[in-house]
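Me: I'm new to this one, so could we go through it together? Let me see it before I start asking.

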Amino acid sequence: MDVRNCKGCGRLFNYLSGPPLCQACRDALEIKFQDVKQYLRENPNTSMQTISEQFDVPIPQIRQWIREERLTFSPDSSFGIDCEGCGKMIKTGRYCETCRTKMTVEFGGLVQKAPSVDEGGKKVRSKDRMRFLDK
């Protein structure tokens, strides 16, 4: 096990994965997230600066919640974050719809499909398939 200092409180804890926060700080951060989420439901056009000041949450943490798609700006809001691909303003996630579509097409072209027929014209059976025996 990896032992680290918590970035929130400085105490030592057994680090497993994720952000380097102890369980107490993770729980406190989750409570703040739920408060922010409830506030945004009631006040959808609030800026990140206002939320940060009111709930004592750093702006990078708010951006992280938006990138993780845990928070989203309302569709009619003038606020947003930049797409990591093209820089266009988006309401949630990491990429805009155009960049996601472009990446899907590019990644789809990288996957090679197994040939269904060999050079002789016979059907090729996949040797990697799972086989079942009848009892």
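Me: Which cysteine sulfur is closest to that of C86, and how far away is it?
Reply: Keep in mind that this is a predicted model. A disulfide needs two cysteine sulfurs within 2.5 Å. The gap here is too far for a bond, because the closest sulfur to that of C86 sits in C96, at 3.7 Å.

Me: Is C86 buried, partly exposed or exposed?
Reply: Buried means under 20% relative accessible area and exposed means over 50%. C86 comes out at 48%, so the label is partly exposed.

Me: How many disulfides turn up in the whole structure?
Reply: Take C9 as an example: C9 is in no disulfide, and the nearest cysteine sulfur, that of C6, is 3.7 Å away. The search covers the whole structure, and its count is zero.

Me: Is C9 buried, partly exposed or exposed?
Reply: The cut-offs to use are under 20% for buried and over 50% for exposed. With a relative accessibility of 36%, C9 therefore counts as partly exposed.

Me: How is α1 oriented relative to α2?
Reply: Helix α1 covers residues 23–42 and helix α2 covers residues 48–55. Their axes are 11 Å apart and the packing angle is about 130°. Over 145 degrees would be roughly antiparallel, and 65 to 115 roughly perpendicular. The angle fits neither range, so α1 is oblique to α2.

Me: What is the handedness of that crossing, and which residues of α2 make the contact?
Reply: The crossing of α1 and α2 is right-handed. On the α1 side, the contact uses K32, D35, V36, Y39 and L40. The contact residues split into five nonpolar, one polar and two charged. From α2 come I51, Q54 and F55.

Definitions and conventions: Residues are numbered from 1 along each chain as its sequence is written. This is a predicted model: local features need pLDDT of at least 70, side-chain atom pairs count only at pLDDT 80 or more; totals for chains, interfaces and linings use all residues. Side-chain values use heavy atoms; hydrogens and water are left out. Axes are lines fitted to C-alpha atoms, for helices over the stretch in contact, and angles run from 0 to 180 degrees between N-to-C directions. Helices (H or I, at least four residues) and strands (E, at least two) are DSSP runs, numbered from the N terminus. Angles under 35 degrees count as roughly parallel, over 145 as roughly antiparallel, 65 to 115 as roughly perpendicular and the rest as oblique. A crossing is left-handed if the near helix is turned anticlockwise from the far one by less than a right angle, and right-handed if clockwise. Contact means heavy atoms within 4.5 Å. Ala, Val, Leu, Ile, Met, Phe, Trp, Tyr, Cys and Pro count as nonpolar, Asp, Glu, Lys and Arg as charged, and the others, Gly among them, as polar. Buried means under 20% relative accessible area, exposed over 50%, partly exposed in between (1.4 Å probe, protein chains only).
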